[in-house]
Amino acid sequence: MAKNKDLVRVSGQDTPTKKRQQSAYIKCNKEEDVAVYNKFKKALKQDLPTKRKIFVDFSTIYPGLASDIDKLLSDIPHCHFIASPVVVPPAAATDGKLIVLMSGDYTAEKEVAYLLVPAISQKVIDVGGNAEKGNILNPSAHPP
C-alpha cells in the first residue's frame, strides 16, 4: 500500500500541502485531533476537490471523534472519512495479517479495501455507514 502513488500519510504536525490536497487517499495513523482535519478542511474549501478524496484513519480513536471528523469533512464535495481501526497488533502488517474494521461511506470503504487486501490486510470487515462503529466494535479500544 505504501507504494501507491495516490496515497499520502498525515501526522500530527503535517499541513495540507499541494501534494496532499491532490491525493485521492489520505492515510492517518496517529490519534489526530480535529485541528489537523480543520487545516485540511480550510485548504480544501479554498481549492475544492474535483475528484474523490478519502481520509482513512487507522488509529483507535474515541468514537465521538470519528463522528466529529466525519461531519467536518462530509460538507466538502467528494470528501469522505473512513474510520479503520486495526484489530490485531501492527506487527502483523509485515505478514499481511491485519484485520481492519471499516466504517463510513460504503463506496469509499470498498475502494480502500481493495488497496488493503492482500497488501497489508487479510480481511476488511465493513461495520456500517456510521463512522463511529469501527471504533465502538474494536476490542483493543476497550481493555478489560
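## Strand β5 and its partners

Let's start with a pairing: strand β4, which covers residues 79-83, lines up with β5 in the antiparallel sense, and two bridges connect them. One of these contacts can be pinned to residues, since Ile82 has Gly104 in β5 as its bridge partner. Keep in mind while you look around that this is a predicted model.

β5 also pairs with strand β6 (residues 121-126), this time in the parallel sense and over five bridges. Here Ile99 has Lys123 in β6 as its bridge partner. Follow the chain through β5, α4 and β6 and you trace a right-handed β-α-β unit. So is β5 buried or exposed? Six of its seven residues are buried, so β5 is largely enclosed by the rest of the structure.

## The whole chain

Now zoom out. The protein chain has five helices and six strands. Reading from the N terminus, the order of the elements is β-α-β-α-β-α-β-β-α-β-α.

How much of the chain is buried? Of its 144 residues, 44% are buried. The chain exposes about 7700 Å², and carbon and sulfur atoms supply 55% of that area. There is also a figure for contacts between residues with a separation of 6 or more: 61% of them link residues 24 or more positions apart.

## Arg52 and its two salt bridges

How many salt bridges does a search of the whole structure find? It finds two. Arg52 forms one with Asp105, and their closest N and O atoms are 3.8 Å apart. Arg52 sits in the loop between α2 (34-46) and β3, while Asp105 sits in the loop between β5 (98-104) and α4 (106-116), so this pair ties together parts that are 53 residues apart in sequence.

Arg52 also forms a salt bridge with Glu111, where the closest N and O atoms are 3.0 Å apart. Glu111 belongs to helix α4 and Arg52 to the loop between α2 and β3, so this pair ties together parts 59 residues apart in sequence. Because the salt bridges share a partner, Arg52, Asp105 and Glu111 are joined into one network. As for their surroundings, Arg52 is partly exposed, with a relative accessible area of 29%. Asp105 counts as partly exposed at 29%, and Glu111 counts as partly exposed at 29% too.

## Helix α3

Helix α3 gives you a nice bit of arithmetic to try. It has 12 residues, 63-74, and at 1.5 Å a residue it should span 16 Å. The expected span uses one less than the number of residues, because it is the steps between them that count. In the model, the end C-alpha atoms of α3 are 16 Å apart, which agrees.

Which residues of α3 are buried? They are Leu65, Ala66, Ser67, Ile69, Leu72 and Leu73. When you look at that list, it helps to know that an α-helix has 3.6 residues a turn, so residues three or four places apart point the same way. Try finding the buried residues of α3 on the structure with that in mind.

## Three loop residues to look at

Ser84 has its place in the loop between β4 and β5. Is Ser84 buried or exposed? With a relative accessible area of 0%, Ser84 is buried, because the cut-off for buried is under 20%. Leaving aside neighbours within four places in sequence, Ser84 is in contact with Val56, Asp57, Phe58, Val100, Leu101 and Met102.

Thr60 lies in another loop, the one between β3 (53-57) and α3. It is partly exposed, with a relative accessible area of 27%. Thr60 and Ala83 are 23 residues apart along the chain, and their C-alpha atoms are separated by 8.7 Å. Last up is His78, in the loop between α3 and β4. What is its phi angle? His78 has a positive phi of about 70 degrees, although it is not a glycine. At 40% relative accessibility, His78 counts as partly exposed.

Methods
Residues are numbered from 1 along each chain as its sequence is written. This is a predicted model: local features need pLDDT of at least 70, side-chain atom pairs count only at pLDDT 80 or more; totals for chains, interfaces and linings use all residues. Side-chain values use heavy atoms; hydrogens and water are left out. Helices (H or I, at least four residues) and strands (E, at least two) are DSSP runs, numbered from the N terminus. Buried means under 20% relative accessible area, exposed over 50%, partly exposed in between (1.4 Å probe, protein chains only). A salt bridge is a side-chain nitrogen of Lys or Arg within 4 Å of a carboxyl oxygen of Asp or Glu. Two strands pair if DSSP finds at least two bridges between them. A crossover is right-handed if, with the strands pointing away from the viewer, the path from the first strand over the helix to the second runs clockwise. Contact means heavy atoms within 4.5 Å. Accessible areas come from the Shrake-Rupley method with a 1.4 Å probe; for residues, only the protein chains shown count as cover.
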